[in-house]
Amino acid sequence: MGTTRGRPLARRITAVATAVTLVVLIGLALVSSRAIGSLLVGSADEELTPALGAAVAAVAAGDPVASPSPNTQVRVLDTSGTPVDAGPAPLLSPADVRVLKAGQPVLRTQDAPPARWLGTVATAPDGAQRLVVVGTGLAGYASAQEVALRWLVVAALVAAAAVALATWAAVRSALRPVAKLRAAVSRLGTGQRLPLPEPRELRTLAGAMNDLLDRRDEAADRLRRFTGDAAHELRNPVASIRVQAEVAVAHPDPDLAQEVLAEVAQESQRLSALVDGLLTLARSDAGELPAATAVDLSVAAADAATRCQVPDGPAIVVHHPPAACWVYAAPSEIDLVLDNLLRNAVRYARAQVTLTVLAVGRTARVVVDDDGHGIAEQHRGKVFDRFYRVEDDRARSSGGTGLGLALVAEVVRRRGGAVRVGESPEGGARFQVTWRVASV
Ligand code: ADP
């Protein structure tokens, strides 16, 4: 199973922590062992510096040089490194002699024991240039470094092992609630929620997952309701068409044929309006957005009024500003909004419908007023829901699909606009739609 692949977190964190500890401690061991060497050399220099000073003073005064301690050699050489004090040749290479002549110290680690030399050039009373050198053996220099390094490396290994154990145990215990959470997730039944674990990070994760489950359940509920409603709405016209057709086939009656066909045509129209509405909503739910362009609301309003005017129906009066009023949307969306609002208003109005287009600041507004019975306060929040009807008029005497206002709300909101319902000054319903003004 793909989810079980990958290295366990505890092992990965332990490996990283151990490797880092090991690298740092071994680095420290190396630095420390070098520091021990420098300390030994430093203490040798502290002894050699005054001895060199005394020897230089003795050579300058023409006195014999004396060694301050049995470990310290004090030698007088000529400038090429040959002894002039009758002693044996000191263990110094020509390169060491050059370095000492330049006043620099020499550390001879190749000797046993390693030796430290300081030197400088002095002038004898006869004017001869002499190289005065003082040296001492660094007994224990190499072994001190070696022993220190060995023990420090052992200490580093022990510390790394302790860090590995502690990290492993800490990570395992920190991950225990994660394992519990995972087990709770896999056992979770419908409608159940995760228990909130103690650690804050996991508590917020479990909370976020519960919120996600809430949202998923709500969406599933909405979808279930919508599918049920859609099936119900589709069933009525289909059943009606079927019954009419079956009756016409069983009892052919030329006198009734025209009437039956007219009713079948009407139901088919409703069916096709329903299917169109459902398709538009499904496309919108899937995130499909038709290409938008600048649309002049004033022109669209006048056209919609002409389209929706029914013979002997209420008059549609249009008010719009003298200048164009541009909004950014697909022309079909604007037509859908205006047609749905106007058709509803015409359906419910007694005598008059007023369609007003306004530009208010940076928004363009369409207001549709009618003088019908209006929409009671308690229904206003729900009329934009899919398939909601105020009188729950399933017999559909109004001929509507129950999707008109849901479509209006959908196409307006996805362009950043808003739609509201209230009461018109004539006592009927007032629908207001606002969009942001498009700059053309
Ligand atoms: P329908 O296609 O059934 O008209 P809508 O979504 O367009 O569906 O409208 C939902 C409900 O809102 C309608 O069934 C009706 O009860 C109510 N309604 C819409 N417009 C008006 C209006 N102008 N006056 C009174 N009621 C309205």
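**Close-up views of the predicted model**

**View A. Asp85 and its salt-bridge partner.** Asp85 counts as partly exposed, with a relative accessibility of 27%. The structure in this and the following views is a predicted model. Asp85 forms a salt bridge with Arg75, and the closest N and O atoms of the two residues are 2.9 Å apart. This pair links distant parts of the chain: Arg75 belongs to strand S1 (residues 72-78), whereas Asp85 lies in the loop between S1 and helix H2 (94-101), and the two residues are 10 apart in sequence. Arg75 has a relative accessible area of 7%. Because this value is under 20%, Arg75 is classed as buried.

**View B. A salt bridge between Glu288 and Arg283.** The side chains of Glu288 and Arg283 meet at a distance of 3.7 Å, N to O, in a salt bridge. Glu288 is partly exposed at 48% relative accessibility. Arg283 is also partly exposed, with a relative accessible area of 41%.

**View C. A salt bridge between two strands.** Asp369 and Arg430 form a salt bridge in which the closest N and O atoms are 2.7 Å apart. Asp369 is in strand S9 (residues 363-370) and Arg430 is in strand S11, so the salt bridge ties together parts that are 61 residues apart in sequence. Asp369 is buried, with a relative accessibility of 5%. Arg430, by contrast, is partly exposed, with a relative accessible area of 24%. Elsewhere in the model, Arg193, Asp214, Arg216 and Asp217 are joined into one network by salt bridges that share partners. The count of salt bridges comes to 23.

**View D. Residues and elements around the ligand.** The shell around the ligand contains 21 residues, of which Asn344, Arg347, Asp370, Thr401 and Leu405 come nearest. By type, the shell divides into 10 nonpolar, seven polar and four charged residues. Helix H7 (331-348), helix H9 (404-413) and strand S11 (429-436) each supply at least two residues of this shell. Helix H7 provides the largest share, four residues.

**View E. Polar atoms beside the ligand.** An oxygen atom of the ligand lies 2.9 Å from a polar backbone atom of Thr401. A polar backbone atom of Gly404 is 3.4 Å from an oxygen atom of the ligand. For Arg389 the side chain is involved: one of its N or O atoms is 3.3 Å from an oxygen atom of the ligand. On its own, the ligand has 540 Å² of accessible area, and the protein covers 98% of this area.

**View F. Glu333 in helix H7.** Glu333 is found in helix H7. The side chain of Glu333 is joined to that of Arg415 by a polar contact of 2.8 Å. Glu333 has a relative accessible area of 4% and is therefore classed as buried.

**View G. A loop residue, Asp126.** Asp126 lies in the loop between strand S3 (115-123) and strand S4 (129-137). A polar atom of the Asp126 side chain lies 3.0 Å from the backbone nitrogen of Ala128. Asp126 and Gly62 are 64 residues apart in sequence, and their C-alpha atoms are 8.4 Å apart in space. The relative accessibility of Asp126 is 61%. Because this value is over 50%, Asp126 counts as exposed.

**View H. Segments annotated in UniProt.** The unreviewed UniProt entry assigns the annotation "transmembrane region" to residues 12-31 and 148-171. In the model, residues 12-31 are 100% helix and 0% strand, with the end C-alpha atoms 29 Å apart. Residues 148-171 are likewise 100% helix and 0% strand, and here the end C-alpha atoms are 34 Å apart. The unreviewed entry also places the feature "domain: HAMP" at residues 172-221. Over residues 172-221 the chain is 76% helix and 0% strand, and the end C-alpha atoms are 40 Å apart.

Terms used. Residues are numbered from 1 along each chain as its sequence is written. This is a predicted model: local features need pLDDT of at least 70, side-chain atom pairs count only at pLDDT 80 or more; totals for chains, interfaces and linings use all residues. Side-chain values use heavy atoms; hydrogens and water are left out. A residue is near a molecule or strand if one of its heavy atoms lies within 4 Å of it. A polar contact is a pair of N or O atoms within 3.5 Å; within protein, one must be able to donate a hydrogen and the other to accept it, and residues adjacent in sequence count only if both atoms are side-chain atoms. Accessible areas come from the Shrake-Rupley method with a 1.4 Å probe; for residues, only the protein chains shown count as cover. Ala, Val, Leu, Ile, Met, Phe, Trp, Tyr, Cys and Pro count as nonpolar, Asp, Glu, Lys and Arg as charged, and the others, Gly among them, as polar. UniProt positions are given in the numbering used here, feature names are shortened, and annotations may be inferred rather than shown by experiment. A salt bridge is a side-chain nitrogen of Lys or Arg within 4 Å of a carboxyl oxygen of Asp or Glu. Buried means under 20% relative accessible area, exposed over 50%, partly exposed in between (1.4 Å probe, protein chains only).
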